[in-house]
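This report describes the fold of a single chain, beginning with its overall form and then turning to its core and to selected residues. The reader is invited to keep the sequence and the coordinates at hand.

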Amino acid sequence: MKMSEVAYKPVGLVLGALSGALAGVVFRQVWKKVGHDNDAPDATDEERTWREVVLAATLQGAIFSAVKAIVDRGGATATKRLTGTWPG
C-alpha cells in the first residue's frame with residue numbers, strides 16, 4: 001500500500017461521514033418536493049404504496065451515490081493538488 005493511500009484513509013473516512021450527512025439533507029429536501037410529504041416512506045410503511053416506497057428508495061440511492069462520488073472525487077483531487085500523488 002502506498003504512503004499516499006495510508007495518509008488518505010482518515011481523510012476518506014471523514015469525507016464519507018460528511019457525504020452521508022449531506023446526502024441525507026439533500027434527500028429530505030428533494031423528497032419534500034417530489035413526495036409532497038416531510039417523511040419518506042420506509043419499505044414496511046403499510047400506509048404507503050409500492051410506487052412511493054420504490055420511488056423513495058431509488059431517489060435516495062441515486063442521491064447518496066452522486067453525493068458520495070462528488071465528495072470522494074473532490075477529496076482525491078484536493079489530495080493530488082496538495083501532495084502531487086493521486087490517492088488510491
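The radius of gyration used here is taken over C-alpha atoms, and the globule rule sets its expected value at 2.2 Å times the number of residues to the power 0.38. For 88 residues, a compact globule would have a radius of gyration near 12 Å, whereas the chain has 17 Å. The model is a predicted one.

**Overall form**

Two helices and zero strands are found in the chain. Along the principal axes, the C-alpha atoms fill a box of roughly 50 × 25 × 15 Å. Of the 88 residues, 23% count as buried. The accessible surface of the chain is about 6,400 Å², and 63% of this surface belongs to carbon and sulfur atoms. Among contacts between residues at least 6 apart in sequence, 53% join residues at least 24 apart. The chain carries 11 positive and 9 negative side chains, and the centres of these two sets lie 18 Å apart.

**The nonpolar core**

Which residues make up the largest nonpolar core? This core has nine residues in all: Tyr 8, Leu 15, Ala 23, Phe 27, Trp 31, Ala 56, Ile 63, Val 67 and Val 71. Helix H1 (3-34) and H2 each supply at least two residues of this core. H1 gives the most to it, with five residues.

Two members of the core also appear in the contacts given below. Leaving aside residues up to four places away in sequence, Trp 31 touches His 36, Asp 37, Asp 39, Ala 40, Pro 41, Arg 48, Glu 52, Leu 55, Ala 56 and Leu 59. One of these partners, Ala 56, is itself a member of the core. Tyr 8, for its part, is in contact with Thr 79.

**Selected residues**

Asp 39 lies in the loop between H1 and H2. Because its relative accessibility is 53%, Asp 39 counts as exposed. Not counting residues up to four places away in sequence, Asp 39 touches Trp 31 and Arg 48. Arg 48 is also among the residues that Trp 31 touches.

Gly 74 is placed in helix H2. With a relative accessibility of 38%, Gly 74 counts as partly exposed.

Is Thr 79 buried or exposed? Thr 79 belongs to helix H2, which spans residues 50-83. Its relative accessibility is 14%, and the cut-off for a buried residue is under 20%, so Thr 79 counts as buried. Beyond its neighbours within four places in sequence, Thr 79 is in contact with Tyr 8, Gly 84, Thr 85 and Pro 87.

One of those partners, Thr 85, is found in the segment after H2. Thr 85 is partly exposed, with a relative accessible area of 30%.

**Separations between C-alpha atoms**

The table sets out three pairs of residues with their separation along the chain and in space.

| Residue pair | Separation along the chain | C-alpha separation |
|---|---|---|
| Gly 74 and Leu 15 | 59 residues | 9.5 Å |
| Asp 39 and Gly 61 | 22 residues | 16 Å |
| Thr 85 and Lys 2 | 83 residues | 9.9 Å |

The first pair includes Leu 15, a member of the largest nonpolar core. The second involves Asp 39, the loop residue described above. The third includes Thr 85, which is in contact with Thr 79.

Notes. Residues numbered from 1 in each chain as written. Predicted model: local features only at pLDDT ≥ 70, side-chain atom pairs only at ≥ 80, totals over all residues. Heavy atoms only, no water. Helix = DSSP H or I, 4+ residues; strand = E, 2+ residues; numbered from the N terminus. Buried < 20%, exposed > 50% of the residue type's maximum accessible area, 1.4 Å probe, protein only. Contact = heavy atoms within 4.5 Å. Areas by Shrake-Rupley, 256 points an atom, 1.4 Å probe, with all protein chains shown as cover. Lys, Arg positive; Asp, Glu negative; His and termini not counted. Charge placed at Lys NZ, Arg CZ, Asp CG, Glu CD. Core = buried A, V, L, I, M, F, W, Y, C linked by side-chain atoms within 4.5 Å.
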